[in-house]
Protein chains: 2
Amino acid sequence: MGISERKERQRAELREQILRVAREMVVKEGFSALSMRKLAEAVEYAPATLYLHFENREAIARELCVRGFGELLAALEPGAKVTEPLERLSVMGAAYVKFGLEHPETYRLIFMEDPRLSTELFQGASDGAGPRSFGLLAQVFEDLKSAGRIADTADPGRLAETVWAGLHGIVSLKLTCAAFRTSAEELRETLTETLVHGLPGLKPAR
Amino acid sequence: MGISERKERQRAELREQILRVAREMVVKEGFSALSMRKLAEAVEYAPATLYLHFENREAIARELCVRGFGELLAALEPGAKVTEPLERLSVMGAAYVKFGLEHPETYRLIFMEDPRLSTELFQGASDGAGPRSFGLLAQVFEDLKSAGRIADTADPGRLAETVWAGLHGIVSLKLTCAAFRTSAEELRETLTETLVHGLPGLKPAR
DNA sequence: GTCTATAGGCTGATAGAC
DNA sequence: GTCTATCAGCCTATAGAC
């Protein structure tokens, strides 16, 4: 059965090539610049051929989105190995921000384009990149809690969501608004540092 | 000179009507759904007429954007009157998040569509809505500092940018990703509370 | 499996008549 | 000031030939 296997292989290869080129276009010119016509031209096939491999444009977007989130997860994983939870928070936060700024169009695609895709990715099956990434972050607070280092009324999931939102704010503001003076990394540092220890030298009103 | 005045008035009225209808379209269907043709039809003029009042589509977007930021500023102003800085931070943060969620398309237009517009608004003349809004937030930390309630090494501008980024993260995540369990208001509360006081009951590693 | 050809839309913007 | 008519392009998606 070598022939049908070769055909299958060639089919999969073309599919990969389409995705590779599509990704390149999105990275270079943004998601809205991804058109089936241009994509077809770039892979040197007719537009109609694309529809034999993907149901429509959105299916391509979804696939790119899923892979993009996979890359974000991969960027977070090394930091997740740091033992000390607070240091881990810092390292993972820095990795998150770095990923967002170094892959702006991938980040945009994951979190700033289509609400349906973002939501799907985040709340999909628990072995998906979304839940796994979130789990890595939540683990920080679970570890602190089980070591008795934060109040046992603290809610790790809620703290993790708050941190994620903060990091997302830093990245997305940097991607859409160049007006902030402070660098992303400084903002990230201030965010985590202050979330952990509070305002420096805070005293109550007298 | 009554005649020319009436003409001028009518001209301004049409301009306002165009903006009003444009705003309605953006609010209802998002910015990308704002097309000159549809807009012309909605105001019952020919497409070409719009170009007598606005240079192009972007000019309309910019005007909507500027007004939108004005509304955000107006939403923040009442909270800025609260005397106690930390309470002020809380009230203004809640107002910010509330505005974003209640006017999602306006918020999108200001901060999530065109980087050029966002940047322009934020760093424009210091009497613009951007710098003024930011100033209100920064004042919180300036007040804390001048009252000696935070370390005199603290940087109010940096703290304000961090808080702004955090609030923006909450709003924008809620607008593009429905997967978070925690409500926006709870996230906002956790963010400000934790930024001020640090993690609840934090103890160092032993 | 791949092509050509095309249906059936949409867009911003402008020239020139009235 | 406003219109009609149009330029010059873009798009997704599909039918049917090869």
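A helix here is a DSSP run of H or I that covers at least four residues, and helices are numbered from the N terminus. With that settled, let's walk through the structure, keeping in mind that this is a predicted model.

**How the two protein chains relate**

Start with the protein pair. Turn chain A by 180 degrees, shift it 0.0 Å along the axis, and it lands on chain B with an RMSD of 0.0 Å. That is the relation of a two-fold axis. The two copies use the same surface to meet each other, since 98% of the contact residues of chain A turn up again in chain B.

**The interface between chains A and B**

How many residues of chain A are in contact with chain B? The count is 54 residues of chain A, against 53 residues of chain B. Together the two chains bury about 4500 Å², and 66% of that area sits on carbon and sulfur atoms. On the chain A side, the residues that lose the most area to chain B are A:R149, A:R158 and A:E161, which together make up 14% of what that side buries.

As for polar links, there are 24 residue pairs in polar contact across the interface, counting pairs with both residues at pLDDT 80 or more. The helices of chain A that each put at least two residues on the side touching chain B are helix 6 (104-113), helix 7 (115-123), helix 8 (129-146), helix 9 (156-176) and helix 10 (184-197). Helix 9 of chain A gives the most, with 14 residues. By class, that side of chain A has 29 nonpolar, 16 polar and nine charged residues.

Two salt bridges run between chain A and chain B. A:R158 makes a salt bridge with B:E186, with the closest N and O atoms 3.8 Å apart. A:R158 is also among the residues of chain A that lose the most area to chain B.

**A salt bridge inside chain A**

Over all chains, a search of the whole structure turns up 28 salt bridges. Inside chain A, A:E84 pairs with A:R149, and their closest N and O atoms are 2.6 Å apart. This pair ties together distant parts of the chain: A:E84 is in the loop between helix 4 (57-76) and helix 5 (85-102), while A:R149 is in the loop between helix 8 and helix 9, 65 residues away. A:R149 also appears in the interface story, as one of the chain A residues that lose the most area to chain B.

**Around DNA strand C**

Now for the DNA. Strand C is surrounded by 17 residues, and the closest are A:A46, A:T49, A:L52, B:S35 and B:R37. Of the strand C atoms that come within 4 Å of the protein, 56% belong to sugar and phosphate.

Which elements supply at least two residues each to the surface near strand C? They are helix 1 (2-29) and helix 3 (47-53) of chain A, plus helix 2 (36-43) and helix 3 (47-53) of chain B. Helix 3 of chain A gives the most, with four residues. The surface near strand C splits into nine nonpolar, four polar and four charged residues.

**Around DNA strand D**

Strand D has 17 residues around it, with A:S35, A:R37, B:A46, B:T49 and B:L52 coming nearest. Here sugar and phosphate make up 54% of the strand D atoms that come within 4 Å of the protein. Near strand D, helix 3 of chain B gives the most to the surface, with four residues. The class split is nine nonpolar, four polar and four charged residues.

**Polar contacts with the DNA**

Here are some of the contacts with the two strands.

| Residue and atom | DNA atom | Distance |
|---|---|---|
| A:T49, polar side-chain atom | Strand C, phosphate oxygen | 2.6 Å |
| B:M36, polar backbone atom | Strand C, phosphate oxygen | 2.9 Å |
| B:R37, side-chain N or O atom | Strand C, base oxygen | 2.8 Å |
| A:R37, side-chain N or O atom | Strand D, base oxygen | 2.6 Å |
| A:Y51, side-chain N or O atom | Strand D, phosphate oxygen | 3.0 Å |
| A:R57, polar backbone atom | Strand D, phosphate oxygen | 3.3 Å |

For the base contacts, look at the arginines: B:R37 reaches a base oxygen of strand C with its side chain, and A:R37 reaches a base oxygen of strand D with its side chain.

Technical notes: Residues are numbered from 1 along each chain as its sequence is written. Chains are lettered from A and ligands numbered from 1 in the order in which they are written. This is a predicted model: local features need pLDDT of at least 70, side-chain atom pairs count only at pLDDT 80 or more; totals for chains, interfaces and linings use all residues. Side-chain values use heavy atoms; hydrogens and water are left out. A residue is near a molecule or strand if one of its heavy atoms lies within 4 Å of it. A polar contact is a pair of N or O atoms within 3.5 Å; within protein, one must be able to donate a hydrogen and the other to accept it, and residues adjacent in sequence count only if both atoms are side-chain atoms. Ala, Val, Leu, Ile, Met, Phe, Trp, Tyr, Cys and Pro count as nonpolar, Asp, Glu, Lys and Arg as charged, and the others, Gly among them, as polar. Copies are superposed by least squares on the C-alpha atoms of residues with pLDDT of at least 70 in both. Contact means heavy atoms within 4.5 Å. Buried area is the accessible area (1.4 Å probe) that two parts lose on being put together, summed over both. A salt bridge is a side-chain nitrogen of Lys or Arg within 4 Å of a carboxyl oxygen of Asp or Glu.
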